[in-house]
Amino acid sequence: MMIPVRCFTCGTVIGEHWDEFKARARDGDEDPADVLDDLGVTRACCRRMMVSHKDLVDVVSPYQ
């Protein structure tokens, strides 16, 4: 889950791509730029949000 769901700059919904981006790019299997291209995230502001995002859900609620 990506919070916030929208890009701060342009308001485009990018949260729907977060799980796939994290699974493919954060594990080091693929280049993050190539993953974002495949997902259709083309705007620079949205790409910055995806690459620089840090999941805090596990930190905020460690008990599931």
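**Exercises on a predicted four-helix chain**

In this chain, residues 24 or more positions apart account for 51% of the contacts with a separation of 6 or more. The model is a predicted one.

**Exercise 1. Overall architecture**

Determine how many helices and strands the chain has, and what share of its residues is buried.

Solution.
- Step 1: The secondary structure amounts to four helices and zero strands.
- Step 2: Along the sequence, these elements follow the pattern α-α-α-α.
- Step 3: Of the 64 residues in the chain, 31% are buried.
- Step 4: The accessible surface is about 4400 Å², and carbon and sulfur atoms contribute 53% of this area.

**Exercise 2. Cysteines and disulfides**

Establish which cysteine sulfur is nearest to that of Cys 7, and explain why Cys 45 is not bonded to Cys 10.

Solution.
- Step 1: The criterion for a disulfide is a pair of cysteine sulfur atoms within 2.5 Å.
- Step 2: Under this criterion, the count is zero disulfides.
- Step 3: Cys 7 takes part in no disulfide, and the nearest cysteine sulfur, that of Cys 45, lies 3.7 Å away.
- Step 4: For Cys 45, the closest cysteine sulfur is that of Cys 10; at 3.7 Å it is too far for a bond.
- Step 5: Cys 7 is buried, at 4% relative accessible area, and Cys 45 is buried as well, at 15%.

**Exercise 3. The aromatic pair**

Describe the geometry of the pair formed by Trp 18 and Phe 21, and state where in the chain the two residues lie.

Solution.
- Step 1: The structure contains one aromatic pair.
- Step 2: Its members, Trp 18 and Phe 21, have ring centres 5.9 Å apart and planes at 40°, a tilted arrangement.
- Step 3: The two residues are three positions apart in helix H1 (residues 18-25), so about one helical turn separates them.
- Step 4: Trp 18 and Phe 21 are both buried.

**Exercise 4. Salt bridges**

Find the partners of Arg 24, and identify the residues of the salt-bridge network to which Arg 24 belongs.

Solution.
- Step 1: Four salt bridges are found in the whole structure.
- Step 2: Arg 24 pairs with Glu 20, with the closest N and O atoms 3.0 Å apart. Both residues lie in helix H1, four residues apart, or about one turn.
- Step 3: Arg 24 also meets Glu 30 in a salt bridge, again with an N to O distance of 3.0 Å.
- Step 4: Arg 24 is buried, with 18% relative accessible area, while Glu 20 at 41% and Glu 30 at 32% are partly exposed.
- Step 5: The network of salt bridges links Glu 20, Arg 24, Glu 30 and Asp 38.
- Step 6: A further salt bridge joins Arg 47 to Asp 37 at 2.9 Å, N to O. This pair connects distant parts of the chain, with Arg 47 in helix H3 and Asp 37 in helix H2, 10 residues apart. Asp 37 is partly exposed, at 46% relative accessible area.

**Exercise 5. Helix H3 and the nonpolar patch**

List the buried residues of H3, and name the residues that make the nonpolar surface patch.

Solution.
- Step 1: The buried residues in H3 are Cys 45, Cys 46, Arg 47, Met 49 and Met 50.
- Step 2: Their cover includes H1 and helix H2 (32-39).
- Step 3: Leu 56, Val 59 and Val 60 make a nonpolar surface patch of about 320 Å².
- Step 4: Leu 56 is located in the loop between helix H3 (44-52) and helix H4 (57-60); with a relative accessibility of 51%, Leu 56 counts as exposed.

Terms used:
Residues numbered from 1 in each chain as written. Predicted model: local features only at pLDDT ≥ 70, side-chain atom pairs only at ≥ 80, totals over all residues. Heavy atoms only, no water. Buried < 20%, exposed > 50% of the residue type's maximum accessible area, 1.4 Å probe, protein only. Contact = heavy atoms within 4.5 Å. Areas by Shrake-Rupley, 256 points an atom, 1.4 Å probe, with all protein chains shown as cover. Phe/Tyr/Trp six-rings, centres within 6.5 Å; stacked < 30°, edge-to-face > 60°. Patch = residues over 30% accessible without salt bridge, like charges linked within 9 Å, V, L, I, M, F, W, Y side chains within 5 Å. Salt bridge = Lys/Arg side-chain N within 4 Å of Asp/Glu carboxyl O.
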